[in-house]
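I opened the coordinates with a notebook beside me, meaning to work from the sheets down to single side chains. The entries below keep the order in which I looked things up.

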Amino acid sequence: MSTPNVSVFMLERLKAWGVGRIYGYPGDGTNGLNLAFHEVGDELEFVQVRHEEIAAFAACAHAKLTGEVGVCMATSGPGAIHLLNGLYDAKLDNAPVVAIVGQQKRMSLGGDFQQEVDLRSLYKDVAAEYLAEVNDQRQAAHVVDRAVRIALANRTVTAIIVPSDVQELPYEEPPRAHGALYAGPPSYHAPVIRPGDEDLGRAAEALNAGAKVAMLVGQGAKGATDEVIEVADLLGAGVAKALNGRAAVPDDLPFVTGSIGLLGTKPSDDMMEGCDTLLMVGTSFPYSEWLPEPGQARGVQIDIDARKLGIRYPVEVAMVGDAAETLRALIPHLQRKEDRSWREEIEAGVERWWRLLDERAHVEANPINPQLVFHELSRRLPDRAIVLADSGSATNWFARHLRLRRGMDTALSGTLATMCPAVPYALAAKLAFPQRPVIACLGDGAMQMLGINGLIDLARYQDRWSGPLVVVVLNNGDLNQVTWEQRVLAGDAKMQTTQDLPPFDFAAYARQLGLEGIRVEAPGDVGPAWDRALAAAGPVVLDIVTDPEVPPLPPHIRMEHAQGFARALLHGDPASGHIVRQSLREKLKDLVTR
């Protein structure tokens, strides 16, 4: 058997780690790696996408949705640069991703050669946990192994730089010599991490002493659904969710208050305002102004990463541990609260909130209320659906209006909050779970920026899956989230030159690609359009013309937000009359819904 070159060896090594696909875009800086796919068989595929940013987003989504390592590949210079946004999305949301990037030949480096970029400097932050350059063929095994193992163990991004001439060198095993490094069989099994008995006792004392316990869970609790529910039942607590933990507990439980923060729900806000004890599980929700006042509540926090403890709220018991293992160890120490008045208050607020969302969704708008889009989807969500959100005003309605059930999953750019991941996420979701329904939700800004390119990938690979794949676009001609931030946070009128988008018929464009495109321009057509899209045999673009002036009202209108909004109207916002009418309609529903 002939000796493989470095590229073939690296791909075979990734196969041994269980990697099944690599998202990427080719270039001469990775020709050795690209051509090596001829040699490695069908177990490892190269998924060519329309842009390197899509490749990084797709690898990130694969990691978020499967828990496995995601892998992306790009050529030297411009290709490596294009990966960065998706890689930062993975890093900030703790998704294990390995990036493999080409580089110019070793003899060219340091000479300002074409496409020569200092990739070590470029990647030293995004891949701070592990960044290696393969400059000797005997490095290949331990570099691949360390990149994958560190990405999985630390839930982070790692990167491998491979000069183009090294890619084609014959692979050699390291010698038994000073300075040599070795690699054993590829494997990683996450350790069981739980706090000591002393910390568990202190946590139980604080939680048992509280009369009004609130829980806040994040993505770290996604594998601890049963344990979260049991603890909440014992403590008579409500459960709020950070956006990355949207699927950690189902929304059809009466004590689940939903999302928290500016995009959150009133029951979550009321619970945080009224609690005397806060238990945080697997979350690093960053906005402390939406948590209890410091000193108001005793705090207990559980997180697998000690670096995240105590920075969002001054907790008195901070425990390092896996969410499920730690909660299971904590449960025997907890006392069931016989007084259920706090729980009953929370459940009453949750019940009213769902009725209020129903009322808000049916408020008249011009032409379609965006809340209606998500309200109609919520009641039609298929079992085991994967719902993906972009960053923008669509995220508001994703956060509030969808009533997720057990077995569903979600993903979004929770920490970086970058635009454009939704369509690449959808590609990765359908390739990883071909039979599961996938719904991607985004605005026209993100769709114009990158989503329309991602649709080409959905069209290309659609024969690889079955079942629903729907891309829903809120087509409002406006960079809507930033427009509302200009009004409410900056207190100024909308700047049309920065905010208005050119018109685009996404449904017609989808049909040009061979996808189904449905354009919706009337409220009565929203529900039937969802029925048609979810029943379709292939990918569907649901292009819904929505009203940009429906206000994304926060759960609690703070004085500074009200003052900013008033200043924006006084400064002559071009839609001031329509905005006032929509806002009054929304608040009227709040007043009459009991």
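What follows are my entries on sheets, helices and two chosen residues.

**Ground rules.** I am working on a predicted model, in which local features need pLDDT of at least 70 and side-chain atom pairs count only at pLDDT 80 or more, while totals for chains, interfaces and linings use all residues. I number residues from 1 along each chain as its sequence is written, and side-chain values use heavy atoms, with hydrogens and water left out.

**Sheet with strands 1 to 6.** I traced an open sheet of six strands in the order 2-1-3-4-6-5, with parallel pairing; strands and helices here are DSSP runs numbered from the N terminus (E, at least two residues, for strands; H or I, at least four, for helices), and two strands pair if DSSP finds at least two bridges between them. The edges are taken by strand 2 (45–48) and strand 5 (131–133), each of which pairs on one side only. Neighbouring strands of this sheet are turned by 25° against each other on average, direction ignored; axes are lines fitted to C-alpha atoms, for helices over the stretch in contact, and angles run from 0 to 180 degrees between N-to-C directions. At one edge I found three bridges joining strand 5 to strand 6 (residues 157–163) in parallel, with Glu 133 opposite Ile 161. Helix 7 (residues 140–154) lies across strand 4 (97–103), strand 5 and strand 6, and runs at about 160° to strand 6.

**Sheet with strands 7 to 12.** I then traced an open sheet of six strands, ordered 9-8-7-10-11-12, with parallel pairing. Strand 9 (256–259) and strand 12 (317–320) stand at its edges with a single partner strand each, so one side of each has no neighbour in the sheet. The average turn between neighbouring strands of this sheet is 15°, direction ignored. Strand 7 (residues 213–217) pairs with strand 10 (residues 277–281) in the parallel sense over five bridges, and Met 215 stands opposite Leu 279 there. Helix 9 (residues 197–209) packs on the sheet, touching strand 7, strand 10, strand 11 (298–303) and strand 12, and its direction makes about 135° with that of strand 12; contact means heavy atoms within 4.5 Å.

**Ala 297.** I looked up this residue in the loop between strand 10 and strand 11. Ala 297 counts as buried because its relative accessibility is 9%, the cut-off being under 20% relative accessible area (exposed is over 50%, partly exposed in between, with a 1.4 Å probe and protein chains only). Ala 297 and Val 213 are 84 residues apart in sequence, yet 8.8 Å apart in space, C-alpha to C-alpha. Not counting residues up to four places away in sequence, Ala 297 touches Cys 275, Asp 276, Thr 277, Leu 278, Pro 292 and Tyr 313.

**Helix 1.** I counted eight buried residues among the eleven of helix 1 (residues 6–16), so this helix is largely enclosed by the rest of the structure. Phe 9, Met 10 and Arg 13 are among the buried ones. Asn 5 caps the N-terminal end, with a side-chain oxygen 3.1 Å from the backbone nitrogen of Ser 7, and Gly 18, whose phi is positive and near 90°, follows the helix.

**Helix 17 and its partners.** The axes of helix 16 (residues 422–432) and helix 17 (residues 444–461) come within 8 Å and cross at roughly 20°. I therefore note helix 16 as roughly parallel to helix 17 (angles under 35 degrees count as roughly parallel, over 145 as roughly antiparallel, 65 to 115 as roughly perpendicular and the rest as oblique). Helix 3 (residues 52–66) packs against helix 17 at about 75°, with the axes 10 Å apart, and the two are therefore roughly perpendicular. Their contact involves Glu 53, Ile 54 and Phe 57 of helix 3, and Leu 450, Asn 453, Gly 454 and Asp 457 of helix 17.

**Strands 17 and 18, and Asp 543.** Strand 17 (residues 516–520) and strand 18 (residues 540–545) run parallel, joined by five bridges. Asp 543 is found in strand 18 and, at 0% relative accessibility, counts as buried. Which groups does the side chain of Asp 543 reach? I found the backbone nitrogen of Ala 507 at 3.2 Å, and a polar contact with the side chain of Arg 519 at 2.9 Å; a polar contact is a pair of N or O atoms within 3.5 Å, where within protein one must be able to donate a hydrogen and the other to accept it, and residues adjacent in sequence count only if both atoms are side-chain atoms.
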